[in-house]
Amino acid sequence: MLFTPSELKGVPRMSKRNFQIYRYDPDKDQKPYMQSIDVQLDGSERMLLDALVRIKAHDDTLAFRRSCREGVCGSDAMNINGKNGLACITQIAALKEPVAIRPLPGMPVVRDLIVDMSQFFKQYNSVKPYLINNDPPPEKERLQSPADREELNGLYECILCACCTTACPSFWWNPDKFVGPAGLLQAYRFIADTRDQATNERLDDLEDPYRLFRCHTIMNCVDACPKGLNPTRAIGKIKELLVKRAV
């Protein structure tokens, strides 16, 4: 939930906030634990990432990923008060205390808030997320009609933060078999692209009890996506295409 500047005028200025942060350093900790940290804020920290940076200034052992600070790179995805999101676009004023911060669920923890995303990217790469076209390349570009281009809206904007996939129980249970919402969203992005010539091959690859059909349409992925995308709809369209092809 984002607040507009006018809405934030009524929010009291916060001087101190309590954070409960998941900590785990495999080199010295026998098991993970939650660390309670009180942070004095000076009012300039609008987003959760700002607060984490301030915490790290006092405790440089805290580990988390960050990069663009603009909700574009997806690096600082984490579980915030029980919901996956991006720290850089999560307003502190919208968070209830204590602010519980954990790593993305269902992923091996490397250290603190950093998870190993190897399996996520392995499944993403398995759908061949690139245009396949065997025609001789044109001098400039492969053209599309405006209507065909509009079909890609809501598909190409994924930033690979893994918020959706790590909110999906089917991925938790079968990360080595189920592609996951992010990968399937990208699979449909190229199936829907009129310039792509590998639709049948892509559908063949997904016609499997696990790779696609482990999605049970609980829509956790839609709720978790910080970009407002709908992987469930894309997955449903792939299923429709497979059904039509079988008739």
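Two strands count as paired if DSSP finds at least two bridges between them. The exercises below apply this and other criteria to a predicted model.

**Exercise 1. Strand pairing**

Task: Determine in which sense, parallel or antiparallel, β5 pairs with β3 and with β1.

Solution:
- Step 1. Take strand β3, residues 77-80, which is joined to β5 by two bridges. The criterion of at least two bridges is met, and the sense of this pairing is antiparallel.
- Step 2. Locate a pair of residues: I80 stands opposite I101 of β5.
- Step 3. Turn to β1, residues 16-23, and β5, residues 99-102, which share three bridges in the parallel sense.
- Step 4. Locate a pair here too: Q20 has A100 in β5 as its bridge partner.

**Exercise 2. The buried face of α3**

Task: Find which residues of helix α3 are buried, and explain why they line one face of the helix.

Solution:
- Step 1. Helix α3 covers residues 118-126, and its buried residues are F120, Q123 and Y124.
- Step 2. Viewed down the axis of α3, these buried residues lie within an arc of 100°, so they line one face of the helix.
- Step 3. A general rule fits this reading: an α-helix has 3.6 residues a turn, so residues three or four places apart point the same way.
- Step 4. The cover over the buried residues of α3 includes α5 (169-173) and α6 (181-191).
- Step 5. Just after α3, K128 has a positive phi of about 55°.

**Exercise 3. The enclosure of α6**

Task: State how many residues of α6 are buried, and what they pack against.

Solution:
- Step 1. Buried means under 20% relative accessible area. Eleven of the eleven residues of α6 are buried, so α6 is largely enclosed by the rest of the structure.
- Step 2. Among them are G183, Q186 and R189, as well as L184, L185 and F190.
- Step 3. The buried residues of α6 pack against α3, α7, α8 (220-224) and α9.

**Exercise 4. The packing of α7 and α9**

Task: Work out how α7 and α9 are oriented to each other, and which residues meet.

Solution:
- Step 1. The axes of α7 (residues 199-206) and α9 (residues 231-246) are 11 Å apart, and the helices pack at an angle of about 100°.
- Step 2. Angles of 65 to 115 degrees count as roughly perpendicular; α7 and α9 are therefore roughly perpendicular to each other.
- Step 3. From α7, N200, L203, D204 and L206 meet I238, L241, L242 and R245 of α9.
- Step 4. Sorted by class, this contact has five nonpolar, one polar and two charged residues.

Key
Residues numbered from 1 in each chain as written. Predicted model: local features only at pLDDT ≥ 70, side-chain atom pairs only at ≥ 80, totals over all residues. Heavy atoms only, no water. Buried < 20%, exposed > 50% of the residue type's maximum accessible area, 1.4 Å probe, protein only. Helix = DSSP H or I, 4+ residues; strand = E, 2+ residues; numbered from the N terminus. Arc of directions from axis to C-beta. Contact = heavy atoms within 4.5 Å. Axes fitted to C-alpha atoms, helices over the stretch in contact; angles between N-to-C directions. Parallel < 35°, antiparallel > 145°, perpendicular 65-115°, else oblique. Nonpolar A, V, L, I, M, F, W, Y, C, P; charged D, E, K, R; others polar.
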